[in-house]
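Notebook open. I wanted to look at one helix and the loops around it.

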Amino acid sequence: MEAFKFIPSALILLFVWVQWVEPHWLRFRKVTVRLKKPLARPLRILHLSDLHTTKHHFHLDSFFDRLVKLELDLDLVLVTGDLIDAESGIAPCVANLKKIQSRLGTYVVLGNHDYRNYHSLRVWRHLFTKKDSYTFRAESQRNRLKEQLSKAGAKVLFNESLRIALGHG
């Protein structure tokens, strides 16, 4: 039984990590991809994923401000899922994405957090009861997210693909 005394502390630390550490741990990495058939000039792509924006978005503001200061000279911005974690995240998410400019546009695919509510208490309830306690976002919230992204100049893709003309060979 002595071995189990650490479990409550471990659960508290895990909760703190999941709620307040990992979500604010944003990383920027530069990756070079070599192609068999090289392009006429390098293609600069910014890939963003798992922003999980809420009304408490100040860490994202500073992250996007740092991206702007890097003057990345982007050709394309790709955003792949989990833009928001709450309806309150729509406006700050769109405002931050508008800060990033690219020659060929911004393309967005929504993720599971953009369709379902994953409130932390529901997640913990699911972990311990195995009951599906996640609820779908109201369709109006998803439509508002899509509409705001479109107004900001992003192309939201849903069960579709498209070709992008590079314009440089």
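I started with the buried residues of H2 (58-69), and they are His59, Leu60, Phe63, Phe64 and Leu67. Buried here means under 20% relative accessible area, exposed over 50% and partly exposed in between, with a 1.4 Å probe and protein chains only. The buried residues cover an arc of only 130° around the axis, so they sit on the same side of H2; the arc is taken from the directions from the helix axis to the C-beta atoms. I noted that in an α-helix, with 3.6 residues a turn, residues three or four places apart point the same way.

This is a predicted model, where local features need pLDDT of at least 70, side-chain atom pairs count only at pLDDT 80 or more, and totals for chains, interfaces and linings use all residues. Residues are numbered from 1 along each chain as its sequence is written, and side-chain values use heavy atoms, leaving out hydrogens and water.

What do the buried residues of H2 pack against? I found S1 and helix H3 (90-98), with contact meaning heavy atoms within 4.5 Å. Helices (H or I, at least four residues) and strands (E, at least two) are DSSP runs, numbered from the N terminus. On the face turned away from the buried side, H2 carries the exposed residues Phe58 and Lys69.

Next I checked phi. Most residues other than glycine have a negative phi. Glu71, which follows H2, has a positive phi near 45°. Asp73, in the loop between H2 and strand S2 (76-80), has a positive phi near 50°, and Asp73 is partly exposed at 48% relative accessible area.
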